[in-house]
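Biologist: I'm new to reading structures, and I'd like to see one done slowly. Could you pick a single part of this one, look at it closely with me, and show me how it connects to its surroundings?

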Amino acid sequence: MRPAGLLVAGLFALLPLSSCSNEEGVAEVPLPVLATRPVAHDDSRVATQGVVRRFEAPLHYWIEDEDLHRVEIFPHERIAPYLGEAVRVEGHFRFSPTEGRRLTLERVEPLGGE
């Protein structure tokens, strides 16, 4: 293959990677991916969606999908008003083997219904 052909092939190979992020640098990542491959998205800005749930002791909030893939959401007071609602969230995702998966909220958008 000619060098120009290799360049074009290389650019097409990168398209699936770049299509996951929007112009603000936020990657759309489904909850199952965040749950099963959290290290791949550690310390990055992501958007995902699920239903807001909470647990009382100790108090914490998370979003989950129908298969119970979960990510904790911070700060709690910003996500609490959406308890029981389906939402799309954007924020800074972190993973720690001791503290789990967590997203610091930048934006929340109700999706309507469960």
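Modeller: Happy to, and let's begin with a term we'll need: accessible areas come from the Shrake-Rupley method with a 1.4 Å probe. Keep in mind that this is a predicted model. By that method the chain has an accessible surface of about 7200 Å², and carbon and sulfur atoms account for 59% of that surface. Of the 114 residues in the chain, 31% are buried.

Next, the overall layout. The chain has 3 helices and 6 strands, and reading along the sequence you meet them in the pattern α-β-α-β-β-β-α-β-β. Take the contacts between residues at least 6 apart in sequence: 49% of them join residues at least 24 apart.

The part I'd pick is strand β2, which covers residues 44-55. Let's go through its partners.

Start with strand β1, residues 27-28, which pairs with β2 in the parallel sense over 2 bridges. At this pairing, E28 stands opposite A47 of β2. To get from β1 to β2, the chain passes through helix α2, residues 31-36, and this β-α-β crossover is right-handed.

Then there is strand β5, residues 86-96, which runs antiparallel to β2 and is joined to it by 8 bridges. If you want a spot to find on screen, look for V46, which stands opposite G91 in β5.

Strand β3 is another partner, with 5 bridges to β2, again in the antiparallel sense. The two form a hairpin, with 4 residues between β2 and β3. Here V51 has E64 in β3 as its bridge partner.

Now for the side chains. In a regular strand they alternate between the two faces of the sheet. Side chains of opposite charge can pair when their charged atoms come close. This chain has 10 salt bridges in total, and several of them bring us back to β2.

Look at R45 first: it forms a salt bridge with E106, and their closest N and O atoms are 2.9 Å apart. E106 belongs to strand β6, residues 100-110, while R45 is in β2, which makes this a link between distant parts of the chain, 61 residues apart. What does the surface say about the two ends? E106 is partly exposed at 37% relative accessibility, and R45 is also partly exposed, at 30%.

Further along β2 you reach R53, which forms a salt bridge with E64 at 3.3 Å between the closest N and O atoms. R53 lies in β2 and E64 in β3, residues 60-64, so this pair ties together parts that are 11 residues apart in sequence. Is each end buried or exposed, or something in between? The cut-off for buried is under 20% relative accessible area. E64 has a value of 9%, and therefore counts as buried. R53 comes out at 26%, and is partly exposed. You've met E64 already, as the bridge partner of V51.

A short-range example is R54, which forms a salt bridge with E56, with the closest N and O atoms 2.5 Å apart. R54 is partly exposed, with a relative accessible area of 39%, whereas E56 is exposed at 52%.

Finally, let's see what goes on around the neighbours of β2. Salt bridges link E28, R88, E90 and R107 in a network. E28 is the residue that stands opposite A47 in β2, and E90 is found in β5, the strand that 8 bridges join to β2. E90 is buried, with a relative accessible area of just 3%. Its side chain also makes a polar contact with the side chain of R88, at 2.6 Å. How far is E90 from A27 in sequence and in space? The two are 63 residues apart in sequence and 9.0 Å apart in space, C-alpha to C-alpha.

To pull it together, β2 pairs in parallel with β1 and antiparallel with β5 and β3. On top of those pairings, salt bridges connect R45 with E106 and R53 with E64.

Key: Residues are numbered from 1 along each chain as its sequence is written. This is a predicted model: local features need pLDDT of at least 70, side-chain atom pairs count only at pLDDT 80 or more; totals for chains, interfaces and linings use all residues. Side-chain values use heavy atoms; hydrogens and water are left out. Buried means under 20% relative accessible area, exposed over 50%, partly exposed in between (1.4 Å probe, protein chains only). Contact means heavy atoms within 4.5 Å. A salt bridge is a side-chain nitrogen of Lys or Arg within 4 Å of a carboxyl oxygen of Asp or Glu. Two strands pair if DSSP finds at least two bridges between them. A crossover is right-handed if, with the strands pointing away from the viewer, the path from the first strand over the helix to the second runs clockwise. A polar contact is a pair of N or O atoms within 3.5 Å; within protein, one must be able to donate a hydrogen and the other to accept it, and residues adjacent in sequence count only if both atoms are side-chain atoms.
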